[in-house]
Amino acid sequence: MEELEAEQRHLDETAAAYDRAFAALTEYRDRAVSDDEYANEALEAMRRERIRVYTEASGPLYFGRIDRTDDSTLYIGRHAVHSPSNDLLSINWRAPAAEPFYTATEQDPHGVRRRRRLDIEERTVLGFVDEPLDTSFEDHLTDAIVEDISRQRVGEMRQIISTITPDQYELIARQTDGALVIQGGPGTGKTAVGLHRAAWLLYTNPQLGREGVLVVGPNETFIRYIEQVLPALGEGGVEQRAIGALVTKPHGETDEARELATLKGSARIATVLERLLWDRLHFEDISVPVSRRVTATVTADEQRELVAAVRERAFSYATARERFRERLAGTFASRVLTSDSLASPDDAIKTIRKAKEYTRAVTKAWPKETPEGLVKKLFTNRERLERVAADLLTPDEITRLIKAKAATDKHAMTPTDVALLDEAHWLIDPGFRRFGHVVVDEAQNLTPMELRMVVRRARSQSLTILGDLAQRTADAGVSSWERVLNEAGVSTYDVSELEISYRVPNEFLTIAGTLLPPGAPAPRGVREAPFPARAIHTETLGEATAREASRLAETVKGSVGIVAPLEHMSTVRAALDTYADATHAALGAGINLLDLHVAKGLEFDAIVVVEPEAILRERPDGGVGGLYTALTRATRAMSVVHSEPLPEPLAEAF
Ligand SMILES: Nc1ncnc2c1ncn2[C@@H]1O[C@H](COP(=O)(O)OP(=O)(O)OP(=O)(O)O)[C@@H](O)[C@H]1O
């Protein structure tokens with residue numbers, strides 16, 4: 001009791017100091033502190049940034065405490081708060097001094113004697129749990145997470161700063177060159193880790209705030225599910241986008257044949273586009289009459305040498321082209337200028353560049369190209385495709401491309417078209433914004449071309465790539481991380497694994513795991529399902545699904561997801577009363593209807609999976625990985641409703 005009171009006193013003191021600091025920040029407005037306008041502006045920007053951090057971050061001021069062997073105590077929270085006498089009342093969870101709170105173990109105590117987890121609501125300490133390091137703190141931690149995760153889901157992801165586990169912390173705070181790939185089964189916390197890593201990097205590397213951080217997810221529903229996590233951590237300036245909205249605003253999801261989509265998404269296409277582009281260069285001797293008597297000539301070979309020289313320095317087609325035109329004009333000028341010539345080199349170059357013969361010839365040698373024009377070339381002129389890509393594409397594949405049409409109108413673009421156009425932009429004139437760090441989630445389902453699109457937005461390939469190979473859907477491009485990273489042009493990377501699933505109870509993991517091929521990465525669970533999994537055989541899929549969803553909503557008193565294959569979507573929809581259509585709107589706290597495309601990465605208290613056999617058939621988002629993903633969405637209850645026989649491994653598991 002006494003200790004609880006002492007904790008309350010510390011919280012009161014911290015809260016008062018926090019309020020004072022905040023009031024000082026807001027009062028200070030409009031008061032110039034220096035004569036230097038520039039300094040005032042910079043100070044004002046800092047002030048506004050601090051107000052933003054204070055007002056946007058949500059939750060209790062702190063959540064943990066470490067007592068160190070040197071008898072000092074630190075409180076771990078959202079902000080650093082100082083007392084009037086400059087004592088540290090709490091520190092930021094991302095500060096180096098907070099690290100032992102997350103990582104201390106009995107073997108490696110990091111100078112920590114005791115770790116305390118505080119349960120604080122608003123400004124009241126409700127209780128605390130101590131974790132002496134000489135007993136297994138893993139158990140305590142897991143209890144805290146299980147308690148946290150067993151709370152009701154409300155359609156929004158939450159931050160986890162008070163319960164980050166040691167292995168998660170190690171990934172959140174890992175400083176790497178290049179990309180960090182986090183492989184982990186369903187519910188191991190990849191998304192949580194990726195978002196907290198973004199926040200951690202922003203705190204640790206102040207220049208990232210200027211360079212920007214981008215978070216990429218599989219679709220708009222997922223972005224809506226995660227988008228308040230970073231603001232709640234005080235990081236509101238991060239750009240969060242669905243993969244299809246990287247290039248343009250969300251575009252029409254036009255359907256296209258599977259084979260065509262796979263072909264257009266394959267990494268080979270990047271090489272074909274590059275060759276098609278540089279195939280446009282064409283050299284012959286160029287002669288330009290510079291006066292009535294004199295004609296200057298630059299031979300085809302000399303032009304090739306110039307091309308080699310400019311391409312060494314300029315990567316993009318447009319920049320290299322500009323340099324080539326300058327250098328070629330310079331070469332001509334040097335031919336006409338003699339040592340006793342009166343004209344200056346600049347004048348000579350100007351005269352050459354104005355000559356009609358010159359402009360015509362140089363444009364023919366190195367024509368202009370637009371991204372749309374280049375993408376079109378992938379679908380027209382069989383002869384040209386055969387000439388540049390016979391070693392990369394089969395005759396059938398070339399036929400498939402020729403039969404298809406280039407979609408460069410923004411409304412008719414499929415996700416694969418978006419990636420093609422982006423690749424073309426990048427080759428010709430890369431004018432898009434690049435970020436200091438990029439986090440990409442559910443990466444196992446991106447085509448190589450889509451991943452390339454993400455990679456090129458990260459400066460120095462500074463990336464966090466999150467995914468689970470076992471959740472690859474039917475037509476996904478990723479087969480192994482090594483292969484896909486190579487195809488995406490990522491040169492430096494580490495692959496790490498998260499092995500414990502906090503979301504999915506053991507029983508559900510076992511059922512879903514029967515689908516996986518031997519040796520596939522599968523996580524361990526840490527808790528038992530509070531409600532047993534059920535399989536319901538029925539002749540009326542729609543009604544049975546609706547009934548089961550209502551029953552589960554009653555039982556778990558929380559959110560329910562229904563994952564239905566496209567072939568049964570309308571039947572299920574017709575049978576439902578009140579529900580949120582998660583394909584088009586935000587997730588709700590009650591019953592949510594999802595197709596396989598939007599189900600990725602989401603989480604519910606209970607899940608109803610409709611007709612597994614049809615999910616196995618569905619393309620592109622179904623298959624074994626699609627069904628495995630559907631079966632691993634729930635924290636507490638799961639039912640399968642089917643009219644066809646269950647797929648064999650599932651039938652046995654139930
Ligand atoms: N250390 C933690 N403390 C509290 N909750 C946690 C922790 N780690 C993970 N969780 C919770 O576990 C759930 C699963 O996490 P998350 O969605 O990040 O997993 P994932 O690996 O991305 O899953 P999927 O592969 O299905 O997308 C989330 O509700 C998350 O908040």
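How many C-beta neighbours does Asp 71 have inside 10 Å, and does that count make Asp 71 buried or exposed? The residue has 7 such neighbours, and because a residue with 12 or fewer is taken as exposed, Asp 71 counts as exposed. Asp 71 sits in the loop that runs between strand S1 (62-68) and strand S2 (73-77), and its phi, near 70°, is a positive value in a residue other than glycine. Most residues other than glycine have a negative phi, and most peptide bonds are trans.

With that residue placed, the whole chain can be considered. The model is a predicted one, and the protein in it has 28 helices and 22 strands. Taken along the principal axes, the C-alpha atoms fill a box of roughly 105 × 75 × 45 Å. Of the 654 residues in the protein, 43% are buried. Among the contacts with a separation of 6 or more, 73% are accounted for by residues that stand 24 or more positions apart.

Glu 611 also has a positive phi, near 45°, in a residue other than glycine. Glu 611 lies in the loop between strand S21 (604-610) and H26. Is Glu 611 buried or exposed? It has 25 C-beta neighbours inside 10 Å, and because 20 or more are enough for a residue to be called buried, Glu 611 counts as buried.

Beyond helix H26 (612-617) comes the loop that leads to helix H27 (623-630), and Pro 620 is found in that loop. The peptide bond that joins Arg 619 and Pro 620 is cis, with omega at about 0°.

Another loop, between strand S17 (534-537) and helix H23 (541-556), holds Glu 539. Glu 539 is exposed, because it has 7 other C-beta atoms within 10 Å. From Glu 539 to Glu 442 the sequence runs 97 residues, and the two are 35 Å apart in space, C-alpha to C-alpha.

Helix H6 (residues 190-204) allows a check of length as well as of surroundings. At 1.5 Å a residue, its 15 residues should span 21 Å, because the expected span uses one less than the number of residues; the end C-alpha atoms of H6 are 20 Å apart, which agrees with that expectation. As for surroundings, 13 of the 15 residues of H6 are buried, so the helix is largely enclosed by the rest of the structure.

Technical notes:
Residues numbered from 1 in each chain as written. Predicted model: local features only at pLDDT ≥ 70, side-chain atom pairs only at ≥ 80, totals over all residues. Helix = DSSP H or I, 4+ residues; strand = E, 2+ residues; numbered from the N terminus. Contact = placed C-beta atoms within 7 Å.
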